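Here is a guided walk through a structure that may be new to you. Keep the view open as you read, and look up each residue when its name comes up.

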Amino acid sequence: MAKSPEEEHPIKAFGWAARDTSGVLSPFNFSRRATGEKDVQFKIFYCGICHTDLHFLKNEWGVTRYPIVPGHEIVGVVTEVGTKVEKFKIGDKVGVGCLVGSCKKCDNCSNDLENYCPKQIMTYGHPYHDGTMTYGGYSDLMVVDEHFAVRWPENLSMEAAPLLCAGITTYSPLKYFGLDKPGMHIGVVGLGGLGHMAVKFAKAFGANVTVISTSTGKKDEALQHLGADKFLLSNNPEQIQGAMNTLDGIIDTVSAVHPLLPLIGMLKPHGKLVMVGAVAQPLEVPVFPLLIMGRKLIAGSCIGGMKETQEMLDFAAKHNITPDVEVVAMDYVNTALDRLLKSDVKYRFVLDIGKTMNSV
């Protein structure tokens, strides 16, 4: 007979979990595995709230297994290390993003692309190597293979936890698709948790950045606060027409169904439209404009491997790039999720686990 989550491992843990498709979180006692020879155990101080958490909590993608403890933007301090751990020591600041495991043997893993390993293990809601379910960062402590933890730079606030998902999700395609060169013209579609990070990284690379949005209310935020160079309303035909053939690349962060034809038209020949928003429904891809209007590319990208994630954190620390966050107490989590559903946050909620997890 299978053991309960509280009994299956030796280390007692406490977090907040959803038990059904209502997605409502409440206090949850469970357990973590003993610290293995290549593992680090750490106390969690901060955990970001990602829109992906909403999808999983409500089983909108049809893969959720309850109970589920979400959270994959996790920062804390190491409290124990295994006998063969090389990267960390007790007291180090550490981060864990969307991955806690992979096969470590395939071509992707061998090339620092664990995020594309067919046997990748997500930080929550996935079976681990031992068959037990993974639980995320809405909790007081964590045990993780050191390979899937990153060093948190000393000069980077731990409240910047969303870098571990929103940050790497936008940094990686800019780097991989060669959109990180000074003087390039880069478009960013959508100005939410992902979009505002895309703007910040693109500006740090020296790009001329155009924010493309359906909301007139985002204009001042994009231009004055985030430092974008231009702002376009995607539902304004004149503005879109005026931007035709002007962009080297576009990072599309929108997770709702939207037309791609205007975006393709804004690309220069050889331009690249990279999708990073998780759109549940199929999008219409107009092939003719791709062919006739200049060998353009539609691509996708998903987070980054461990090496690149560390590179992104170090770059963010060097250039003082942090997400705009609203730090909230653990017992505010359900309200925060409701507000996130309504896009009522600029631009990411972060749970103050260290100070408020034990106060509930």
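Start at Lys 43, whose charged end sits over the ring of Phe 45, at 5.5 Å from the ring's centre. As you look at this and every later contact, bear in mind that the model is predicted.

Now for the wider frame. The UniProt record, an unreviewed entry, places the feature "domain: Enoyl reductase (ER)" at residues 23–351. Over residues 23–351, helix makes up 25% of the chain and strand 26%. The C-alpha atoms at the two ends of this stretch are 17 Å apart.

Next come the strands. Strand E13 (residues 247–252) and strand E14 (residues 267–275) run parallel and are joined by 5 bridges. To find one place where they meet, look for Asp 252, which stands opposite Met 275 in E14. How does the chain get from E13 to E14, and what is the hand of the crossover? The path leads through helix H7 (residues 261–266), and this β-α-β crossover is right-handed. E14 has another parallel partner: 4 bridges join E14 to strand E15 (residues 297–300). Here Lys 272 has Leu 297 in E15 as its bridge partner.

From the strands, turn to the aromatic rings. The model has 11 aromatic pairs. One of these joins Phe 30 and Tyr 135, whose ring centres are 4.9 Å apart; with 55° between the planes, the pair is tilted. Phe 30 belongs to strand E2 (residues 25–32), while Tyr 135 lies in the loop between strand E7 (121–122) and strand E8 (141–145), so their contact ties together parts that are 105 residues apart in sequence. Are these two residues buried or exposed? Phe 30 has a relative accessibility of 1% and therefore counts as buried. Tyr 135, at 6%, counts as buried too.

A further tilted pair is made by Tyr 171 and Phe 315, with 5.7 Å from centre to centre and 55° between the planes. Because Tyr 171 is in helix H3 (residues 166–176) and Phe 315 is in helix H9 (residues 306–319), this pair ties together parts 144 residues apart in sequence. Tyr 171 is buried, with a relative accessible area of 2%. Phe 315 counts as buried at 15% relative accessibility, since the cut-off for buried is under 20%. These two rings also have company: Tyr 171, Phe 201, Phe 205 and Phe 315 form one aromatic cluster.

While you are at helix H3, look for Pro 173, which has its place there. Pro 173 counts as buried, at 0% relative accessibility. Its C-alpha atom is separated by 6.0 Å from that of Ser 301, although the two residues are 128 residues apart along the chain.

The last stop is the charged side chains. The count of salt bridges comes to 16. Among them is the one between Asp 39 and Arg 33, where the closest N and O atoms are 3.1 Å apart. Asp 39 is buried, with a relative accessible area of 8%.

Another salt bridge is formed by Glu 73 and Arg 348, with 2.7 Å between the closest N and O atoms. Which parts of the chain does this pair link? Glu 73 is in the loop between helix H1 (51–57) and strand E4 (74–81), and Arg 348 is in strand E17 (residues 348–352), so the link spans distant parts of the chain, 275 residues apart. Glu 73 counts as buried at 0% relative accessibility, and Arg 348 counts as buried at 7%.

Asp 145 and Lys 104 also meet through their side chains in a salt bridge, at 2.6 Å from N to O. Asp 145 lies in strand E8 and Lys 104 in the loop between strand E6 (99–101) and helix H2 (107–110), so this pair ties together parts 41 residues apart in sequence. Asp 145 is buried, with a relative accessible area of 12%, whereas Lys 104 is partly exposed, with 43%.

To finish, find Lys 175, Asp 180, Lys 181 and Glu 311, which are linked in a network of salt bridges.

Methods. Residues are numbered from 1 along each chain as its sequence is written. This is a predicted model: local features need pLDDT of at least 70, side-chain atom pairs count only at pLDDT 80 or more; totals for chains, interfaces and linings use all residues. Side-chain values use heavy atoms; hydrogens and water are left out. Rings of Phe, Tyr and Trp (its six-membered ring) pair if their centres lie within 6.5 Å; planes under 30 degrees apart count as stacked, over 60 as edge-to-face and the rest as tilted. Buried means under 20% relative accessible area, exposed over 50%, partly exposed in between (1.4 Å probe, protein chains only). A charge sits over a ring if NZ of Lys or CZ of Arg is within 6 Å of the ring centre and within 35 degrees of the ring normal. Two strands pair if DSSP finds at least two bridges between them. A crossover is right-handed if, with the strands pointing away from the viewer, the path from the first strand over the helix to the second runs clockwise. UniProt positions are given in the numbering used here, feature names are shortened, and annotations may be inferred rather than shown by experiment. A salt bridge is a side-chain nitrogen of Lys or Arg within 4 Å of a carboxyl oxygen of Asp or Glu.
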